[in-house]
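Please read these notes with the structure open beside you. They go point by point and keep to what can be checked in the viewer.

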Amino acid sequence: MSATPARRILAVVTLLALLVLSACTAGPALHVRRIATDQPAPAASPAAPSTSPSPTTKPAPGSLDWYVSQVPTFPEAPPPQPVSLPATGAAQFWHRLPTDQKVAFITIDDGGLARPPEVADFIWRAHIPVTMFLNSPAAEEHDVYFRQIMVAGGVVENHTITHTSLAGWSYDRQRHEICGAADKLEALFGKRPTLFRPPFGEHDATTLRAAHDCGAKAVFHWTETVHEGKVRYQTPEKVIQPGDVLLMHFRPALMDDLLAALKAIHRAGLTPALLEDYVR
Ligand SMILES: [Zn+2]
């Protein structure tokens with residue numbers, strides 16, 4: 001459920017540099033491949049909270065400490081078995097990743113509407129693996145925010161420039177939306193996106209060709225949406241299945257959405273994992 005070792009090392013090195021720069025005295029704890037609730041925050045947080053809560057030091061509901069305290073303890077994530085990708089001229093399209101491994105995936109879209117300030121700390125402290133499908137103008141305008149989530153282990157992927165439905169457009173127009181965003185995100189964050197999510201999930205065969213030609217290995221829809229702390233199932237099972245992809249957005253209730261997603265994944269007996277560990 002964590003990032004790949006190389007990415008994690010890069011994140012920790014970057015974090016150490018940030019911590020030195022901010023003269024913070026609390027160093028980062030070693031990341032383990034398990035959701036835990038006793039790690040210090042990555043950013044300059046005020047006085048580190050007690051790591052051994054007692055009845056008298058219960059965190060205030062709605063505080064960052066409270067969110068962290070509500071995260072369930074997950075089974076250890078299995079070593080990822082990446083799915084095989086067919087060698088065609090089109091990116092693979094999935095609602096649900098085809099895997100039997102007991103994992104599910106959290107994805108957060110857009111980026112322009114709202115960016116709750118404690119999300120990066122929450123993701124860091126609770127070790128939440130997230131994939132961010134960003135519109136490139138929002139990524140550019142708020143790059144510091146998204147970089148903080150990257151330091152916490154998140155990965156940035158492609159969600160077009162203008163967030164308009166691509167279905168039915170010519171190849172050149174679709175390619176412009178997808179490659180243009182990929183170019184910008186690569187320039188901003190140093191990694192070219194390898195996954196693509198079409199706005200509104202709307203796509204056609206041309207989208208999959210253009211996405212492939214812009215560097216995407218796979219195009220993802222979703223199986224559940226999460227909004228204002230509620231998970232809405234779009235599959236008949238009404239429970240998270242292995243390989244499910246949960247969609248939420250950078251909206252004001254993102255902290256609640258992350259927590260709701262984690263609880264739903266936990267209820268299903270699964271562990272959150274990083275999509276990029278499964279699509280390589
Ligand atoms: Zn979107």
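The points below cover the metal site, two buried charged residues, two helices and the nonpolar cores.

1. Status of the model. This is a predicted model. Please keep that in mind for each distance quoted here.

2. Zinc donors. The zinc ion has three named protein donors: D110 through OD, H159 through NE2 and H163 through NE2. Their distances to the metal run from 2.0 to 2.1 Å. Along the sequence the donor residues follow the spacing D-x48-H-x3-H.

3. Exposure of the histidines. Is H159 buried or exposed? H159 counts as buried because its relative accessibility is 1%, under the 20% cut-off. H163 has 21% relative accessibility, so H163 counts as partly exposed.

4. Placement of E157. E157 sits in strand β4, which spans residues 155-158. The residue is buried, and its relative accessible area is 0%. D109 lies 48 residues away from E157 along the chain, yet their C-alpha atoms are 9.3 Å apart.

5. Partners of E157. What does the side chain of E157 reach at 2.8 Å? The partner is the backbone nitrogen of T194. A polar contact also links the E157 side chain to the side chain of K191, at 3.4 Å. Beyond four places in sequence, the residues touching E157 include T131, M132, F133, L134, L185 and E276. P193 and L195 are also among them.

6. R197. This residue belongs to the loop between β5 (195-196) and α7 (205-213). R197 is buried too, at 0% relative accessible area. A polar atom of its side chain lies 3.2 Å from the backbone oxygen of F220. The contacts of R197 include the zinc donor H159. Others among them are T107, D109, F133, N158, H221 and W222. V245 and L247 also touch R197.

7. Helix α5. This helix covers residues 143-151, and its buried residues are D143, Y145, F146, I149 and V151. G153 follows α5 with a positive phi, near 115 degrees. I149 touches V119, A120, I123, V130, M132, G154 and F250, leaving aside residues up to four places away in sequence.

8. Helix α8. How many residues does α8 have, and what is its span? Residues 254-267 make up α8, 14 in total, and the distance from first to last C-alpha is 20 Å. That is close to the 20 Å expected at 1.5 Å a residue. The helix is mostly covered, with ten of the 14 residues buried. Among the buried ones are L254, M255, L258, L259, L262 and I265. D257 is also on the buried list. Just after α8, G269 has a positive phi of about 75 degrees.

9. Nonpolar cores. In soluble globular proteins, nonpolar side chains tend to be buried together. Here the largest nonpolar core holds 44 residues. Those with the most contacts inside this core are I106, F122, I128, L134, I149, F250 and L258. Helix α8 supplies the largest share, nine residues. Another core, of 16 residues, lies apart from this one and includes V83, V103, F105 and F133.

10. Links worth tracing in the viewer. F133 of the 16-residue core is touched by E157 and by R197. L134, from the largest core, is also in contact with E157. I149 of α5 touches F250, and both are on the list with the most contacts inside the largest core.

Conventions: Residues are numbered from 1 along each chain as its sequence is written. This is a predicted model: local features need pLDDT of at least 70, side-chain atom pairs count only at pLDDT 80 or more; totals for chains, interfaces and linings use all residues. Side-chain values use heavy atoms; hydrogens and water are left out. Donors are N, O and S atoms within 2.8 Å of the metal (3.2 Å for Na, K and Ca); water is not among the atoms, so sites may look incomplete. Buried means under 20% relative accessible area, exposed over 50%, partly exposed in between (1.4 Å probe, protein chains only). Helices (H or I, at least four residues) and strands (E, at least two) are DSSP runs, numbered from the N terminus. Contact means heavy atoms within 4.5 Å. A polar contact is a pair of N or O atoms within 3.5 Å; within protein, one must be able to donate a hydrogen and the other to accept it, and residues adjacent in sequence count only if both atoms are side-chain atoms. The expected span of a helix is 1.5 Å times one less than its number of residues. A nonpolar core is a set of buried Ala, Val, Leu, Ile, Met, Phe, Trp, Tyr and Cys residues joined through side-chain atoms within 4.5 Å.
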